[in-house]
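Welcome, and thanks for taking a look at this one with us. Let us walk through its charged pairs, its core and its cysteines together.

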Amino acid sequence: MKRKVSYDWRLREVMAQHKIFTATELVPLLHERGIDLSASQVHRLVSGTPERLSLQVLSAFCDILGCTPAELITTSAQNAGVRKTATGDLPAPPTGGKFRPRPALILPDE
């Protein structure tokens with residue numbers, strides 16, 4: 001049985017709890033901690049869900065917001081359903097030499 005895992009990036013919610021409402025407010029706070037990201041890079045982290053994130057940046061967010069990584073990232077896992085095959089109960093296709101192509105017969109032009 002396969003499991004489907006997912007996560008929610010809650011940076012914007014945690015920022016709002018700490019009265020930080022724009023990504024540009026985070027830029028100088030990150031810079032104080034040695035993280036040099038442009039305003040557009042920080043905006044993408046705030047407004048979207050990152051697929052990759054450096055642990056230094058995650059640690060800086062936790063320090064700025066006084067939270068743990070578990071508060072910024074919530075995870076979930078559930079069993080994935082078994083996929084049904086398209087063939088259903090149909091019999092298997094026949095195999096063997098029965099369906100071999102016949103050689104072409106080329107006749108001369110008259």
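## Salt bridges

A salt bridge here is a side-chain nitrogen of Lys or Arg within 4 Å of a carboxyl oxygen of Asp or Glu. Please keep in mind that this is a predicted model. By that rule, the count comes to three salt bridges. One of them pairs the side chains of Arg10 and Glu13, with an N to O distance of 3.1 Å. Glu13 is partly exposed, at 44% relative accessibility.

Which residues are linked in a network of salt bridges? They are Glu32, Arg33 and Asp63. Between Glu32 and Arg33, the closest N and O atoms are 3.6 Å apart. Between Arg33 and Asp63, the closest N and O atoms are 2.5 Å apart. This second pair links distant parts of the chain, since Arg33 sits in the loop between α2 and α3 while Asp63 belongs to helix α4, 30 residues apart. Accessibility varies along the network: Glu32 is exposed at 60%, Arg33 is partly exposed at 32%, and Asp63 is partly exposed at 49%.

## A closer look at Asp63

Asp63 is part of helix α4. Its side chain also appears as a polar contact with the side chain of Arg33, at 2.5 Å. For another view of the fold around this residue, try the backbone: the C-alpha atoms of Asp63 and Leu29 are separated by 9.7 Å, with their positions 34 residues apart along the chain.

## The nonpolar core

Now for the interior. The largest nonpolar core has 21 residues, and the members that touch the most others are Leu11, Leu26, Leu30, Phe61, Leu65 and Leu72. Four helices each supply at least two residues of this core: α1 (11-17), α2 (26-32), α3 (39-47) and α4 (55-65). Which helix gives the largest share of the core? That is α4, with seven residues.

Leu65 is a good residue to select in your viewer. Leaving aside neighbours within four places in sequence, Leu65 is in contact with Leu11, Val14, Met15, His18, Ile20 and Leu72. Two of these partners, Leu11 and Leu72, are also listed with Leu65 among the core members that touch the most others.

## Cysteines without a disulfide

How many disulfides does a search of the whole structure find? The search finds zero. Cys62 is in no disulfide, and its nearest cysteine sulfur, that of Cys67, is 4.4 Å away. The reverse also holds, with Cys62 providing the nearest cysteine sulfur to Cys67 at 4.4 Å. The pair is not counted because a disulfide needs the two sulfur atoms within 2.5 Å.

Are these cysteines buried or exposed? Cys62 counts as buried at 10% relative accessibility, and Cys67 is buried too, with a relative accessible area of 10%.

## A backbone detail at Lys19

One last stop is the backbone. Lys19 has a phi near 60°, a positive value in a residue other than glycine. Where is Lys19 placed? Lys19 lies in the loop between α1 and α2. Lys19 is also exposed, with a relative accessible area of 61%.

Note on methods: Residues are numbered from 1 along each chain as its sequence is written. This is a predicted model: local features need pLDDT of at least 70, side-chain atom pairs count only at pLDDT 80 or more; totals for chains, interfaces and linings use all residues. Side-chain values use heavy atoms; hydrogens and water are left out. Buried means under 20% relative accessible area, exposed over 50%, partly exposed in between (1.4 Å probe, protein chains only). A nonpolar core is a set of buried Ala, Val, Leu, Ile, Met, Phe, Trp, Tyr and Cys residues joined through side-chain atoms within 4.5 Å. Contact means heavy atoms within 4.5 Å. A polar contact is a pair of N or O atoms within 3.5 Å; within protein, one must be able to donate a hydrogen and the other to accept it, and residues adjacent in sequence count only if both atoms are side-chain atoms.
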